[in-house]
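Trainee: I should like to take a close look at a single part of this model, together with its surroundings. Please treat it in one connected account.

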Amino acid sequence: MRLALGRPELLLLGRALRAHRRSRPDLPFKLTWAVTWACQSGCQLCTIWKRDNGDQLSLTEIRRFLASSPGFSWVDLTGGEPFLRDDLVDIAAAVVQTNPQLALLHLPSNGLDPERVERMVKDLLALPVRRLVLTVSADGPPDLNVALRGHPEAWTGAMDTLGRLRALSSERFAVYLGVTLSENNLAEAPDILPAVRRELPGFRPDELHWNLAQESEHFYDNLHEIVDRPELEQVAAMRALSGDARPPHLQALRDPVAWLDRAWREHAERYVRSGVTPVRCRSLWSSAFLDPEGTLYPCITWDKPLGNLRDVDLDFARLWSDAAPVADEVAAGRCPQCWTACEAVPSLLSSLPTLARSLP
């Protein structure tokens, strides 16, 4: 996605840098928010699909909470499968309307309902959203992907959805194929790109977004299902498949997503070797995680509930303020160490010297 930096992007960067100071910001600049636990997949590495959907926030409650705390620069609407919420476009509209400086709106999808996802994305693009990014998930070539994701249409649906969304691509909209590496798909990971190209000729390597499998009790609900940390072999494979051995092209400066992804991968090896976050984590300073029922957590990794929106009259700013003591624990490194992109990228943005070393 190549778009000149404007005021929203510069504001996001400025807020990220301010989050590195001693004084904690009044709000995070990034919110990762699971809007539903519902999901049609049956993935091996994630058991969100086994959850009861619970008493998720209603659209009325969502509008109230967003109105109470305008100021997000980056919002991830995740799940579950977020496109299973009939009011997803209304939720996104509320995010856009209450956050005039929103620089980025991101959503993932399993791609199992291509027509529904395409229709909703067209409606999302009708909103005045500056940058919209979609990630369609697939974790292997056809047969392996079906086995890992537990649905007979996991591959065909993802490819259909990916093809439909690529046709909508524009300066303010990009779609990627998201692949999570684990010991279960490491051997066949090099076969993913050729398999996609058989379905979608012209598909580029930079349209792949690589991640590493992680454990989380309150989000993925997969504690003890995988190793605590990815293996060095997985990191090496991810970097090789991403082409990190080649010097980055200067054009990368115009593609913030690709640039930040590369920086995240560069530091993944340090994390795996040491088990310590390679830059100071800024969860509860730059970012936070909200579950479908309105419970706030520091991130998607640390199972430490910090209160519920319904207990503070849907006032997110109050809930955020009350979490200050735990934010100090994060700043001191007294938290489970991780390197998930949801929190690592905001932390990198808050550490300009570290990030600058990843520039081409």
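In which loop does D221 lie?

Mentor: The model is a predicted one, and the account below should be read as a description of that prediction. D221 belongs to the loop between strand 6 and helix 8. Its backbone deserves attention: phi of D221 is near 55°, a positive value in a residue other than glycine. With a relative accessible area of 34%, D221 is partly exposed, because that value falls between the 20% limit for buried and the 50% limit for exposed.

The two elements that flank this loop are also in contact with each other. Helix 8, residues 232–241, packs on the sheet and touches strand 5 (173–181) as well as strand 6. The direction of helix 8 makes about 170° with that of strand 6.

The sheet itself is open and has eight strands, in the order 6-5-4-3-2-1-7-8, with mixed pairing. Strand 6 (208–212) is one of its edge strands, pairing on one side only. The other edge is strand 8 (296–297), which likewise pairs on one side only. Strand 8 runs antiparallel to strand 7 (residues 287–290), and two bridges join them. Across from Y297 in strand 8 stands F289.

A second backbone of this kind is found beyond that other edge. L314, in the loop between strand 8 and helix 10, has a positive phi of about 60° although it is not a glycine. In accessibility, L314 is at 5% and therefore counts as buried, whereas D221 is partly exposed.

The chain then continues to A323, in the loop between helix 10 (316–322) and helix 11 (324–331). A323 counts as buried because its relative accessibility is 1%. Leaving aside residues up to four places away in sequence, A323 touches R24, L284 and L306. The C-alpha atom of A323 is separated by 8.4 Å from that of G307, 16 residues apart along the chain.

One further backbone feature concerns another loop. The peptide bond from G79 to G80 is cis, with omega near 20°, and G80 lies between strand 2 (74–78) and helix 3 (88–98).

How values were computed: Residues are numbered from 1 along each chain as its sequence is written. This is a predicted model: local features need pLDDT of at least 70, side-chain atom pairs count only at pLDDT 80 or more; totals for chains, interfaces and linings use all residues. Side-chain values use heavy atoms; hydrogens and water are left out. Helices (H or I, at least four residues) and strands (E, at least two) are DSSP runs, numbered from the N terminus. Buried means under 20% relative accessible area, exposed over 50%, partly exposed in between (1.4 Å probe, protein chains only). Contact means heavy atoms within 4.5 Å. Two strands pair if DSSP finds at least two bridges between them. Axes are lines fitted to C-alpha atoms, for helices over the stretch in contact, and angles run from 0 to 180 degrees between N-to-C directions.
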